[in-house]
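Biologist: Please choose one part of this model and go through it closely, element by element, with the cut-offs behind each term that you use. I would then like to hear how the surroundings of that part are arranged.

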There are 2 protein chains.
Amino acid sequence: MVDAPRTPAPTIYDVAKVAGVAPSTVSRAFARPGRVNADTAARIRAVAEQLGYRANPIARALSTSKTRMIGLMVSDVANPFYAELIRGAQMAASEEDYVVVLADAQESGALEREALERLLPVVEGIVIGSSRMSELALRSIAKQVPLIVLNHALGDIPSVVTDNRAGARAAVAHLRDLGHTSITYVAGPEASWTDGARWRALHDTARELGLQTRRVGPVVPTFEGGLGIGDEVLADGATAVVGYNDLVAIGIMAAARRARMRLPQDLSVIGFDDILTARLTTPPLTTVAAPIRFMGATAVRNLLAVLHGAKPRAGQAYVLPVKLVVRGSTAQRNRNRTSPALGTTSVSGSAS
Amino acid sequence: MVDAPRTPAPTIYDVAKVAGVAPSTVSRAFARPGRVNADTAARIRAVAEQLGYRANPIARALSTSKTRMIGLMVSDVANPFYAELIRGAQMAASEEDYVVVLADAQESGALEREALERLLPVVEGIVIGSSRMSELALRSIAKQVPLIVLNHALGDIPSVVTDNRAGARAAVAHLRDLGHTSITYVAGPEASWTDGARWRALHDTARELGLQTRRVGPVVPTFEGGLGIGDEVLADGATAVVGYNDLVAIGIMAAARRARMRLPQDLSVIGFDDILTARLTTPPLTTVAAPIRFMGATAVRNLLAVLHGAKPRAGQAYVLPVKLVVRGSTAQRNRNRTSPALGTTSVSGSAS
DNA sequence: GCTTCCTCGGCAAGCGGTTGCCACGAGGCG
DNA sequence: CGCCTCGTGGCAACCGCTTGCCGAGGAAGC
């Protein structure tokens with residue numbers, strides 16, 4: 001063992017002894033203002049302060065089951081989207097003096113279950129960002145502990161999502177205004193509820209506004225995913241593509257550049273989410289910005305509200321507004337762009 | 001309050017009753033293999049399984065002070081560097097069935113202290129990534145709980161850092177090979193130990209290899225930081241710049257592009273760390289790649305080792321190897337590049 | 001003056017495990 | 001055959017805080 005002559009932290013018993021009262025009184029002095037005479041309370045506080053007393057959250061939790069911890073499950077911490085989300089959740093939690101326990105599913109349903117297992121007995125509630133688990137599994141979790149899911153509207157579990165419909169509409173309208181007549185959508189994970197929502201909304205609005213749509217994929221929702229399917233997208237002579245998320249969109253841009261296309265003249269690209277990276281690319285990415293940080297905060301705040309006794313609002317998801325941020329990756333359709341010279345991993349097929 | 005007819009989870013008492021043994025025996029059946037007769041243990045396990053018993057970590061923690069949680073403090077969760085770090089820490093923790101409690105200092109020493117305060121009583125040990133606190137404060141923490149700091153070599157606290165010296169050397173050598181004779185370093189936060197280490201190493205090797213160095217900054221270690229100081233860097237006619245980290249380097253690139261310089265012909269840029277974003281820029285960033293994920297994992301593994309009784313290795317930091325990853329942002333020095341047309345926020349001064 | 005109510009502190013029983021110590025029986029050994 | 005040792009299980013005392021309940025004493029009501 002280590003050296004550690006660390007003196008044990010003072011307890012309410014120590015404080016009680018010094019202050020000349022019973023431990024229960026000390027406890028109440030902190031937890032139940034008013035229950036104890038003001039003078040006594042003041043004296044106790046003073047002693048506590050002087051002894052450096054800090055309540056032991058573990059002990060408290062044992063009898064109250066209030067750990068002041070909430071679990072946050074993300075499918076991939078390394079994804080910038082989640083970084084922002086975590087930040088929001090983190091902030092909202094601190095506001096109420098809660099602490100967040102992070103779990104990373106690493107895009108695997110099995111790991112997610114396992115991590116959840118570790119979390120469950122310790123946290124008061126859980127926020128799950130884009131689960132890879134089945135709805136059945138989610139429901140079973142929801143039975144055990146207050147739960148709120150992100151980016152996935154389930155009938156009976158409280159959830160917060162973004163307004164994918166409005167976002168898709170804005171994207172389509174923007175592309176139409178630029179003269180585009182056809183849009184290629186690069187799909188994300190099949191298991192993703194968000195992907196379905198985005199595609200459906202895109203498809204519907206496109207039809208409404210008289211544009212064609214095409215759907216390719218699914219791909220893994222990363223830069224590599226977008227890069228990998230880039231040639232297929234370009235082979236068909238697409239002039240406008242919308243990616244499942246920013247990372248995919250950026251991947252597509254890289255593929256286009258590799259194929260010696262000019263951006264945005266030859267190809268307009270739009271992403272979803274507006275992660276930090278979106279503004280760092282060349283050209284900077286036009287994207288449907290989600291209030292990511294706010295999403296995390298909203299989820300946590302609602303979870304906390306439920307923990308404080310509020311009725312969970314299950315029937316209807318909280319839908320957060322989005323905004324199309326026009327940057328440099330979209331431009332007027334170029335009617336006579338040349339057939340792309342495909343990259344090394346080229347695919348047969350030519351531009352229309 | 002909520003509905004919740006959630007039946008209370010079974011305890012060792014329930015299991016004991018059904019299995020016809022004493023609670024202590026149940027406890028030992030799980031915690032102390034061998035201490036209990038194999039048959040009895042098997043029976044207990046069976047009963048537990050059937051009842052769906054799960055040990056309550058809170059209760060266990062109360063008497064053993066082993067929470068199986070470690071704290072991870074980062075100065076900015078939204079920074080991609082930390083995203084990777086968290087992932088590594090997270091993975092290493094899961095390996096030993098530990099859970100990580102995340103705290104975000106939001107680049108503020110005060111918030112960092114506060115968050116630490118919340119963490120301290122709950123976790124068995126803490127990993128701090130790039131602290132904004134004073135060394136004094138760090139030492140005081142280290143006295144209370146096993147601590148390991150990242151990117152900051154302190155004499156008496158175990159730490160893991162990257163081989164900044166080797167990294168700087170590689171960067172300088174690379175630039176020299178490309179014909180550059182002078183290097184501008186854009187400094188990061190003054191409070192950053194890493195910044196000092198990088199600059200010193202850069203300066204030393206440059207001198208050794210016969211190159212000039214210049215140092216500008218400090219700037220906040222973000223894209224905006226790099227972008228903001230870009231003009232100052234360019235005004236002096238720099239041909240090669242090394243940023244404190246990738247984000248800063250990317251910011252410089254953006255500034256250069258805004259000034260209508262061609263990259264990398266007119267300006268070579270090198271970053272540090274190799275965050276995910278580094279390969280997504282145009283041109284992709286040449287950078288001194290740190291094994292970020294591995295750093296996180298290393299920190300956690302060593303912390304865990306200490307918790308398991310290993311002697312903390314304080315005297316000497318664990319230094320992790322780095323590797324120069326040459327991408328597209330560096331090129332042969334262009335001897336006759338034209339004086340840059342500075343952007344809107346231009347600074348007086350002309351190229352040499 | 002006596003009952004009633006209220007305020008405020010203490011007692012003690014949990015919360016769900018862990019663990020030092022003891023007891024009991026069986027096998028080993030001289 | 002008596003004594004020791006070893007393997008196992010149980011008892012009970014924690015770990016530190018919360019909280020229902022009780023009771024003493026003072027204020028208020030009649």
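Modeller: The account below starts with a helix pair, moves on to a sheet, and ends with the chain contact and the nucleic acid.

This is a predicted model, in which local features need pLDDT of at least 70 and side-chain atom pairs count only at pLDDT 80 or more, while totals for chains, interfaces and linings use all residues. Residues are numbered from 1 along each chain as its sequence is written, and chains are lettered from A and ligands numbered from 1 in the order in which they are written.

In chain B, helix α5 (residues 80–95) packs against helix α12 (residues 292–307) at an angle of about 40°, and their axes are 7 Å apart. Helices here are DSSP runs of H or I with at least four residues, strands are runs of E with at least two, and both are numbered from the N terminus; axes are lines fitted to C-alpha atoms, for helices over the stretch in contact, with angles running from 0 to 180 degrees between N-to-C directions. The angle therefore makes α5(B) oblique to α12(B), given that under 35 degrees counts as roughly parallel, over 145 as roughly antiparallel, 65 to 115 as roughly perpendicular and the rest as oblique. The crossing of α5(B) past α12(B) is right-handed, a term used when the near helix is turned clockwise from the far one by less than a right angle, with anticlockwise giving left-handed. Among the residues that make the contact are F81(B), L85(B) and M91(B) from α5(B), and F294(B), M295(B) and V300(B) from α12(B), where contact requires C-beta atoms, placed from the backbone, within 7 Å. The residues of this contact comprise 13 nonpolar, two polar and four charged; Ala, Val, Leu, Ile, Met, Phe, Trp, Tyr, Cys and Pro count as nonpolar, Asp, Glu, Lys and Arg as charged, and the others, Gly among them, as polar.

Chain B also holds an open sheet of six strands with mixed pairing, in the order β7-β6-β8-β9-β10-β12, where strands pair if DSSP finds at least two bridges between them. β7 (212–216) and β12 (323–325) of chain B lie at the edges with a single partner strand each, so one side of each lacks a neighbour in the sheet. The average twist from one strand to the next is 20°. β10(B) (residues 286–289) and β12(B) run antiparallel and are joined by three bridges, with T287(B) opposite V325(B). Helix α11(B) (residues 246–258) lies across β6, β8, β9 and β10 of chain B, at about 160° to β9(B). The loop between β9 and β10 of chain B contains P283(B), which is joined to T282(B) by a cis peptide bond with omega of about -10°.

Between the chains, 38 residues of chain A are in contact with 38 residues of chain B. On the side of chain A that touches chain B, α5(A) gives the most, with seven residues, and that side has 23 nonpolar, eight polar and seven charged residues. β2(A) and β2(B) (residues 99–104) run antiparallel, joined by three bridges, and V100(A) has L102(B) as its bridge partner.

Around DNA strand C there are 25 residues, the closest being A22(A), N37(A), S63(A), S24(B) and A59(B), where near means a C-beta atom, placed from the backbone, within 6 Å. α2(B) gives the most to this surface, with six residues, and by class the surface has 12 nonpolar, 11 polar and two charged residues.

Key: Contact = placed C-beta atoms within 7 Å.
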